[in-house]
Amino acid sequence: MEVTLTVNGAPHSLDVPDNALLVEVLRERLGLTGTHVGCDTSQCGACVVHMDGCAVKSCTVLAGQADGAEVTTIEGIGTADALHPMQEAFRDCHALQCGFCTPGMIMAAIDLVKTSEDLDEQAVRDGLEGNLCRCTGYHNIVRAVLAARDNM
Amino acid sequence: MAENGTGIGAAVKRKEDMRFITGAGRYTDDIDQAGQACAVFLRSPHARATIGGIDTGAALQVPGVVAVYTGADLAADGIGDLPCGWLVKSKDGSDMIQPPHPPLAVERVNYVGEPYGLVIADSLQAARDGAEAVVADFDDLPAVVGVATADQADQLHESVPNNQCYDWELGDKVATDAAFANADHVASLDIVNNRLIPNAMEPRAAVGDYDAASGVYTLHTTSQNPHLERLVLAAFVQVAPESRLRVVSPDVGGGFGSKIFVYAEETAVIWAAGKLRRAVKWRAERSESFLADAHGRDHVTKAELALSSDGTFLGLRVKTIANMGAYLSTFASSVPTYLYGTLMAGQYKTPAIYVEVRAMFTNTAPVDAYRGAGRPEATYVVERLVETAARDLSMDLAEIRRRNFIQPEDFPYATPVALTYDTGDYEASLDKALRHIDYQGFGARRAASEANGNRRGIGFSSYIEACGLAPSQVALSLGAGVGLFESAEVRVNVTGSVTVITGSHSHGQGHETTFAQVVSDRLGIPLDDVEVVHGDTARSDYGLGTYGSRSIAVGGSALIRATDKIIAKGKKIVAHNFETTEDNIDFTDGIFAEHESNRSMAFAEVAFAAYVPANFPLDELEPGLSEKAFYDPGNFTYPAGTHICEVEIDGETGVPTIAAFVAVDDFGHVINPMIVEGQVHGGLCQGIGQALLEHGVYDDAGQLVTGSYMDYCMPRADDVPSFTVDTTVTPCTHNPLGVKGCGEAGAIGATAAVMNAVTDALGVKSLPMPATPETVWKALGSAG
């Protein structure tokens, strides 16, 4: 099937199998390997991207469902010279170790900050419940999200 | 030690972070080779079965399928078994029994998920379709699942009577029995240390490539120790000689032990790449990680502590049955022995200790090192027992520990279980932890919880670990198959920047920053001028990788040795330039200066001079400025500390909540406190996960019932609190940085602290892990 979508501001028209997943298109067709696959079953959150402004787990979105959508991945939110405040906060707060969950965690956290009022520690913990990290114990991730909240 | 700046002791932001936060990390699954094929493994659906036959005919007809290989194909090609690298001896002096472990099962399968073949195709979809079309004829047999009764069950391996791998002992049985005979009180516990599934967030993966022109194999894989991977694949599995086998371990998304081992999958992938003369790629799905990554823990233990009436420890007796799973994984045999029995003294002067461990085979996934590896199990035994004894004798939790702690003046202290602790100050950590938790205020907090219909408990864990693995001499004498030193190379480039090549590996620990801090500090050059390279057998001479909290203690020490050689060579160069002797040259803050003169050369000038060797006396002074060192430690390092957990239990639902968690650890000198705190946080979360959430469960038929994140309860952000983390410092006495290592402490200490707190809150002697709300709720009822 033909899928037309915008990824990080660039338009793409791709011929993909009907059962192709959004994450497969991002990683394998567009070379955007910052989005990771950690569980294939929508439980770990390593694959979170933004679709039309909302956080989605791209391992459980069919490419066809993204037809016509604006997709933003970790590669599209900031650069080394101009980091997104959430990226900056993750670095400043040592909110990552192996880095594998980090792109999904950052994308989920941005969505959480944008869609929440009165975000406190417990709300951050509840809000990131869909993203697994095995390295940090979440302590510094929570600190980073609260720090970024004040800078976004 | 610098508190600011970028040197040793500074909380420098990590150099590696920029690529990870911008999506530019390069993990194995991000690597594609030209023309690569995709592999899918055929895995046993049975816990125990004989393989009658495998019909691959239909699979080979699936469009896109390139090849289907089975265990018989590997065996016919001379591919060897996956070896276990540590030979443990039984009480009677006999060697442990190591059953054959072919990479792909040939005649029989012994656990659900065991690979018996692989399908290789042009696309992953075609490989999956091909795997669906393979018809294997299994004749299933009754599974042996329970480890405690495995010796009574069907024999799994022809060479292993009673399914017993070894029956090991450590310590003085006679002295220990005598201590019990003379004791005023014996505290005893039956303990099950629950099976855990490591679950690094990056699933294992491998990309094998073969260059027919050169005959060189290149394997990119998710390994914590690429040189060991290469050694095993070359020497034992015999894929190719080391000189024609390159193993690259690029960015690795966490390991926690599970990526130390040499597995079937990368073995089959690199072999198949050679067969097909085509790159082959495999990435585990999470369900494969659950089934076929090596699991952790899984002990059944009876433990007793003999005490005098004043609470002095007299003797400790421990009897453990350890589950090896179906086969011996790479270091499985060492985990419940030399990494477990040797830690039974804990922080205490217990004079007599006797430990017996029987290792058994069952129809479950192999069990091997998982964060802490043996030491969390030992800490759990000792610290649960100590707290049980305190309750039995109505002693204060701090007091019973103080009474028995090894004191600062006792070091070096030889324990009754083969280790000699070099240094420590255990009361310092305990006291600091008591202040952080506000121990005095606990009674009031408990009363407040009870007034609200809830329960509150407090639990301590004063753990010790032996890490910085290891003195090779000791390890080899105890059965290790490899040395455990570490290598470092400091390559000064012509214009003065430095490339550091380490044999240890970073998969989240931040070595690119920490190691650069050490070199930058020693050489007096900017942190940005130091780049750290690791994880590629083509770039470093050799290395033993990262596990056992060894990287800074062993790898960092090698780095110091190499930088010392650089400084010595630099002095020679400067002395030659100044026409004096090197004794007249000092090196401070990046400047080589002549005594009692104003002549000096900056580090970069010396580097340049080294590579532009005007008039060098070549028989005394070679050009260039690049030095290597191999460091083999004189002893283990002994990080230790006290963790205190306070738990509140909902009186209605049984839900346990960690109200506060304090960890005070002595890691010796700390290179980067920010990174060290992060390591502790992560370890604590895994330790708490074991206590409250995680459990790898097989049913009676040997099916893994916790095979996904829906069934295996990983700690999530709302399951854990923010932690209070602090340190004390007694520098390690035998390595040049005075460091001890910090990677496992959190996971070693936390579990016992949590369970001590939960049982305290409930007023019960013991409770099985994990203490889920259901388990706790039932205990609430039974405890009245």
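**Exercise 1. The contact between the chains**

Task: State how many residues each chain gives to the contact, and describe the side of chain A.

Solution. Chain A gives 45 residues and chain B gives 43. Two residues are in contact if their C-beta atoms, placed from the backbone, lie within 7 Å. Next, take the elements of chain A. Those that give two or more residues to this side are helix 2 (85–92), helix 3 (102–115), helix 4 (121–127) and helix 5 (139–149) of chain A. Helices (H or I, at least four residues) and strands (E, at least two) are DSSP runs, numbered from the N terminus. Last, sort by class: 19 residues are nonpolar, 17 polar and nine charged on the side of chain A that touches chain B. Ala, Val, Leu, Ile, Met, Phe, Trp, Tyr, Cys and Pro count as nonpolar, Asp, Glu, Lys and Arg as charged, and the others, Gly among them, as polar.

The model is predicted: local features need pLDDT of at least 70, side-chain atom pairs count only at pLDDT 80 or more, and totals for chains, interfaces and linings use all residues. Residues are numbered from 1 along each chain as its sequence is written, and chains are lettered from A and ligands numbered from 1 in the order in which they are written.

**Exercise 2. Chain A as a whole**

Task: Give the element pattern of chain A and compare its radius of gyration with that of a compact globule.

Solution. Count the elements: chain A has five helices and five strands. Their order along the sequence is β-β-α-β-β-β-α-α-α-α. Now the size. For 152 residues a compact globule would have a radius of gyration near 15 Å, and the 15 Å of chain A agrees. The radius is taken over C-alpha atoms, and the globule rule is 2.2 Å times the number of residues to the power 0.38. The C-alpha trace of chain A spans about 45 × 30 × 30 Å along its principal axes. Then burial: 59% of the 152 residues count as buried. A residue is buried if 20 or more other C-beta atoms lie within 10 Å of its own, exposed if 12 or fewer, and partly exposed in between, with C-beta atoms placed from the backbone.

**Exercise 3. Strand 1 of chain A**

Task: Work out the faces and partners of strand 1 (residues 2–7) of chain A.

Solution. Start with the side chains, which alternate. A:Val3, A:Leu5 and A:Val7 point to one face and are buried. A:Glu2, A:Thr4 and A:Thr6 point to the other face and are not buried. Next, strand 2 (residues 10–15) of chain A pairs antiparallel with strand 1 over six bridges. Two strands pair if DSSP finds at least two bridges between them. A:Thr4 stands opposite A:Ser13 in strand 2 of chain A. Strands 1 and 2 of chain A form a hairpin with two residues between them, and A:Asn8 in the turn has a positive phi of about 50°. Finally, strand 5 (residues 70–72) of chain A runs parallel to strand 1 and is joined by two bridges. There, A:Glu70 is the bridge partner of A:Thr6.

**Exercise 4. The five-stranded sheet and helix 9 of chain B**

Task: Give the strand order of this sheet in chain B, then place B:Arg384.

Solution. The open sheet has the order 7-15-14-13-8, with mixed pairing. Strand 7 (164–171) and strand 8 (185–193) of chain B stand at the edges with a single partner strand each, so one side of each lacks a neighbour in the sheet. The twist averages 10° from one strand to the next. Inside the sheet, nine bridges join strand 13 (residues 299–307) to strand 14 (residues 313–325) of chain B, which run antiparallel. B:Leu305 faces B:Leu316 in strand 14 of chain B.

Now the helix. Helix 9 of chain B lies across strands 8, 13 and 14 of chain B, at about 140° to strand 8. Axes are lines fitted to C-alpha atoms, for helices over the stretch in contact, and angles run from 0 to 180 degrees between N-to-C directions. B:Arg384 sits in helix 9 (residues 375–392) of chain B. B:Arg384 is buried, with 25 other C-beta atoms within 10 Å. Not counting residues up to four places away in sequence, B:Arg384 touches B:Leu189, B:Ile191, B:Ala752, B:Met755 and B:Asn756. B:Ser188 is 196 residues from B:Arg384 in sequence, and 9.6 Å away in space, C-alpha to C-alpha.
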